Amino acid sequence: MVYNKIKDVIPHFKFKGTYLRAAEITSGNVNNTYRLTYSYKDRQIIYTLQHINKYVFKNPHLVISNIVAVTNHIKRKLIEQGKDPARKVLEIIPTLSNEYIYVDKDGEPWRAYTFIDDADALDVVNTLSQMEEVGRGFGNFQKMLHDFPAEQLHETIPNFHHSTKRFYQFVRALDEDRVGRAKFVESECEFMFEHRVMMGEIIKLTEKGILPTRVTHNDTKANNVLLDSATGKALCVIDLDTVMPGSVLFDYGDAIRFGASTAAEDEEDTSKIKLNMKKAEAFTRGFIDETTGFLSDEELYRLPLGVKVITCELAMRFLTDYINGDLYFKVNSPVHNLVRARAQIALLKDVEKQESKLQAMVDKFINESSKN
C-alpha cells in the first residue's frame, strides 16, 4: 500500500488538517512522488510529497536552497506587481522544525509542496494554443528571474549541461563497459562521435562571454508548466530541482525537443519521430514574446542551436546510462534507455533536416517582437 511507504514521513511536515488518502504519481523519471489529500475546515487540501533521489541529487539541501531562493524571488516580484502569488509560484511546505527537507531514519530526504488545483500538466500537448502557453510559461519564468544573480545558485548537479564533459563521461562508460552492453550500440556511439563538436558549441560561446549565464530551469518539458484548467493560460512553472546557472539556449532547446516531437521520448518505432514545426512555431511565438527585451540578440538568434545540442546531449545521456547499467534514469525494461537514445537520435536527424526552417521561424518572431 502507498500509505505504508510514507506513513512515517508525513507527520513531520506542517500539513493542515486530517490525512485522508495518498496516491503515487508515476510520471517522473527521477524522484518518487505522492499526492496527499487532507481534510481541513470542510474542504480538501492536496499536497505533493516527494522522496528525493540521492543518486541524482548528491546534496538535496542545496537543491531545496535553490528552490527557496527562486520561488521567494518570484513571489516577491508578483506581490510588487500587485498580483496574487497563489497558484503562480510553488509553495514549499516546511517541516515541524521549520526546515524544507525531512531526512528519515534511513537517511532518505523528503520535501513537500502545496498542490496547485484546477491546473493541467500536459504530458502531450494537443493544441497549438497550449504549446504557445507553455512557451509563455517558460518565457515568463525567464522574465521573472532575469534580474536574479545566477551566481548565487548552487550547481546541484555539476556540469549538468556541460556537453563536452558529458561526452567524456560517455567515452569513459564506453571504455569501462561495466555490464557488457557496448557491443550493442556501435552505430549509436559512432553518431555521438560525429556530433561531439556541435555538442560543445554552447559551452564554448558561454566561456567566451558571447552567451550570458542566467537562471535556467534545465528541464523544460511541457508538463512542467501548469495551465489553468478553465482558461488554458500558463499559471506556474514546476519541478525546480534542476534550477541552476546556465544558458537559456538549453531551456529553449529542451522545450522544443520534448514538446514539438511527434512521438514520445521512448517511442520504439523511430519512423514516427519528427519535429512538428507548427508546435515549434507556437512555442517560439510565446517564448520570444515574453523574453524579447532582456535576452540578448546573440541568445535569441542562436535558439535553434539549443534544440540540436540538447537533443544530442540527452541522446548521449540515455546511451551512457544504458551502457552503465541504468543507474540514473528510471527504466521499465533492460533496453528502455537504449530505446530512448535511439528516439532522440531520430529526432535530431529530423531537426537537422529542418534546421533552416527553424532558423527562419525564429528570425521572423524576433523581427516581429522588435517592432512592437
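These are legends for close-up views of a predicted model.

**View 1. Helix H11, end to end.** Helix H11 runs over residues 303-324. Count its 22 residues at 1.5 Å apiece and you'd expect a span of 32 Å; the C-alpha atoms at its two ends sit 32 Å apart, so expectation and model agree. Look around the helix and you'll find that 22 of its 22 residues are buried, so H11 is largely enclosed by the rest of the structure. Just after the helix comes Gly325, with a positive phi near 100 degrees.

**View 2. Cys312 and the residues around it.** Cys312 belongs to helix H11. Buried or exposed? Cys312 is buried: its relative accessible area is 1%, and the cut-off for buried is under 20%. Setting aside residues up to four places away in sequence, Cys312 touches Phe191, Met192, His195, Met198, Met199 and Leu348. Take Leu348 from that list: it is 36 residues from Cys312 along the chain, yet the two C-alpha atoms are separated by 6.6 Å.

**View 3. Cysteines without a disulfide.** How many disulfides does the count come to? The count is zero. Cys189 shows what that looks like up close: the nearest cysteine sulfur belongs to Cys312 and is 12 Å away, whereas a disulfide needs the two sulfurs within 2.5 Å. Cys189 is buried, at 6% relative accessibility. Cys236 is buried too, with a relative accessible area of 3%.

**View 4. The nonpolar core and Leu319.** As a general point, nonpolar side chains in soluble globular proteins tend to be buried together. Here, the largest nonpolar core has 103 residues, and Met192, Tyr252, Phe283 and Leu319 have the most contacts inside it. H11 gives this core its largest share, 13 residues. Zoom in on Leu319 and, leaving out residues up to four places away in sequence, you'll see it touching Phe170, Val185, Glu188, Cys189, Met192, Leu338 and Ala341. There is also a second, separate core, this one with 15 residues, including Phe13, Tyr34, Leu36 and Tyr102.

**View 5. Thr242, a buried loop residue.** Thr242 sits in the loop that links strand S10 (234-237) with strand S11 (244-246). At a relative accessible area of 8%, Thr242 is buried. Which residues does Thr242 contact, leaving aside its neighbours within four places in sequence? They are Phe57, Ile157, Phe160, Thr216, His217, Asn218 and Asp219. Check His217 in particular: its backbone oxygen lies 2.7 Å from a polar atom of the Thr242 side chain. For a sense of scale, the C-alpha atoms of Thr242 and Ala22 are 26 Å apart, with their positions 220 residues apart along the chain.

**View 6. Arg87 and Asp118, positive phi in loops.** Arg87 isn't a glycine, but its phi is positive, near 75 degrees. Arg87 lies in the loop between helix H2 (60-80) and strand S4 (92-93), and with a relative accessible area of 31% it is partly exposed. Asp118 also has a positive phi without being a glycine, near 50 degrees. You'll find Asp118 in the loop between strand S6 (109-114) and strand S7 (119-120). Asp118 counts as exposed, at 59% relative accessibility, since exposed means over 50%.

How values were computed
Residues numbered from 1 in each chain as written. Predicted model: local features only at pLDDT ≥ 70, side-chain atom pairs only at ≥ 80, totals over all residues. Heavy atoms only, no water. Helix = DSSP H or I, 4+ residues; strand = E, 2+ residues; numbered from the N terminus. Expected span 1.5 Å × (residues − 1). Buried < 20%, exposed > 50% of the residue type's maximum accessible area, 1.4 Å probe, protein only. Contact = heavy atoms within 4.5 Å. Polar contact = N/O pair within 3.5 Å; in protein donor to acceptor, adjacent residues only side chain to side chain. Core = buried A, V, L, I, M, F, W, Y, C linked by side-chain atoms within 4.5 Å.
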